[in-house]
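Here's a quick tour of side-chain contacts and surface patches, written for someone who likes to see the numbers. Have the structure open while you read.

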Amino acid sequence: NRGQFTQHIDISRRSADNKLGVRVNLLHNNGDGQYDRERIKTQTGFIGLDYNTDRSRTTFDAGIISNRVENAQYRLQISDNVIRALGGSAPRVDINTNFGAPGTFRKVIEKFGLLRTEYDIDKNITGYAAFGMRITHQDTLSSQVSLRNANGSLRVVHRYNNQINKAKSAEVGLKGKFETGA
């Protein structure tokens, strides 16, 4: 009785002279997760461009990914003392049981872009350069659930995490071929 609804569009075209190419890829997914009360929503958008001449090749790729999970499933911690009190084995729990507290969520948004070009200086030497960036924003309210004793007493601790990660990369170089002898 759980379900997800997904729409996906992937469109690409090349110019009449075949020099310019464009590709757009969009996805939307929304619905129930694997566990009780868990809801998942994912949206992505990507664009890829390329431009080629007799001597050069240039590409640009960019995208955004958004993923939100509400009432996410988190692990249940069971102490060694509880396992010993239960006769040495962990309690049996229905696989669909969600120990995440209501109102918890995990949201991740990632944006990225990459520009790359190369140019044939002559038939044996090619110069190239690339630059890329990424930024990831994660916002999470999670719950850590611990089984405290054999009578079923639970302890719930909420944790909030809001972080931003950024990265940049670049490269410049030459590729060449030459003969070293016969």
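Let's start with Lys175, which is partly exposed because its relative accessible area, 41%, falls between the 20% and 50% cut-offs. Bear in mind that this is a predicted model.

Lys175 has a salt-bridge partner in Glu118, with the closest N and O atoms 3.5 Å apart. That pair links distant parts of the chain: Glu118 sits in strand E6 and Lys175 in strand E8, 57 residues apart. Glu118 itself is buried, at 16% relative accessible area.

There's more to this corner, since Arg57, Glu118, Asp120 and Lys175 are linked in a network of salt bridges. Within it, Arg57 pairs with Asp120. Here strand E4 supplies Arg57 and strand E6 supplies Asp120, with 63 residues separating them. Arg57 is partly exposed at 27%, while Asp120 is buried at 18%.

How many salt bridges does a search of the whole structure find? It turns up 9. Three of them are laid out here:

| Salt bridge | Closest N to O distance |
|---|---|
| Arg57 – Asp120 | 2.8 Å |
| Glu171 – Arg116 | 2.4 Å |
| Glu118 – Lys175 | 3.5 Å |

The Glu171 and Arg116 side chains meet in a salt bridge. Glu171 belongs to strand E8 and Arg116 to strand E6, so this pair ties together parts 55 residues apart in sequence. Both ends are partly exposed: Glu171 has 37% relative accessibility and Arg116 has 27%.

Now for the aromatics. A whole-structure search gives 1 aromatic pair. The rings belong to Phe46 and Phe112, with centres 5.8 Å apart and planes at 40 degrees, so the pair counts as tilted. Phe46 is in strand E3 (residues 39-52) and Phe112 in strand E6 (residues 105-120), so parts 66 residues apart in sequence are tied together. Phe46 is partly exposed at 28%, and so is Phe112 at 30%.

On the surface, a nonpolar patch of about 520 Å² is made by Leu20, Val22, Ile47, Leu49, Tyr51, Phe60 and Leu115. Strands E2 (20-32) and E3 are the elements giving two or more residues to it, and E3 has the largest share, with 3 residues. Phe60, found in strand E4 (residues 56-70), is partly exposed at 32% relative accessibility.

Finally, there's a positive surface patch formed by Arg75, Arg148, Arg155 and Arg159. Arg159 lies in strand E8 (residues 154-176) and is partly exposed, with a relative accessible area of 49%.

How values were computed. Residues are numbered from 1 along each chain as its sequence is written. This is a predicted model: local features need pLDDT of at least 70, side-chain atom pairs count only at pLDDT 80 or more; totals for chains, interfaces and linings use all residues. Side-chain values use heavy atoms; hydrogens and water are left out. Patches are made of residues with over 30% relative accessible area and no salt bridge: like charges are joined within 9 Å, nonpolar side chains (Val, Leu, Ile, Met, Phe, Trp, Tyr) within 5 Å. Accessible areas come from the Shrake-Rupley method with a 1.4 Å probe; for residues, only the protein chains shown count as cover. A salt bridge is a side-chain nitrogen of Lys or Arg within 4 Å of a carboxyl oxygen of Asp or Glu. Lys and Arg count as positive and Asp and Glu as negative; His and the chain ends are not counted. The place of a charge is taken as NZ of Lys, CZ of Arg, CG of Asp or CD of Glu. Helices (H or I, at least four residues) and strands (E, at least two) are DSSP runs, numbered from the N terminus. Buried means under 20% relative accessible area, exposed over 50%, partly exposed in between (1.4 Å probe, protein chains only). Rings of Phe, Tyr and Trp (its six-membered ring) pair if their centres lie within 6.5 Å; planes under 30 degrees apart count as stacked, over 60 as edge-to-face and the rest as tilted.
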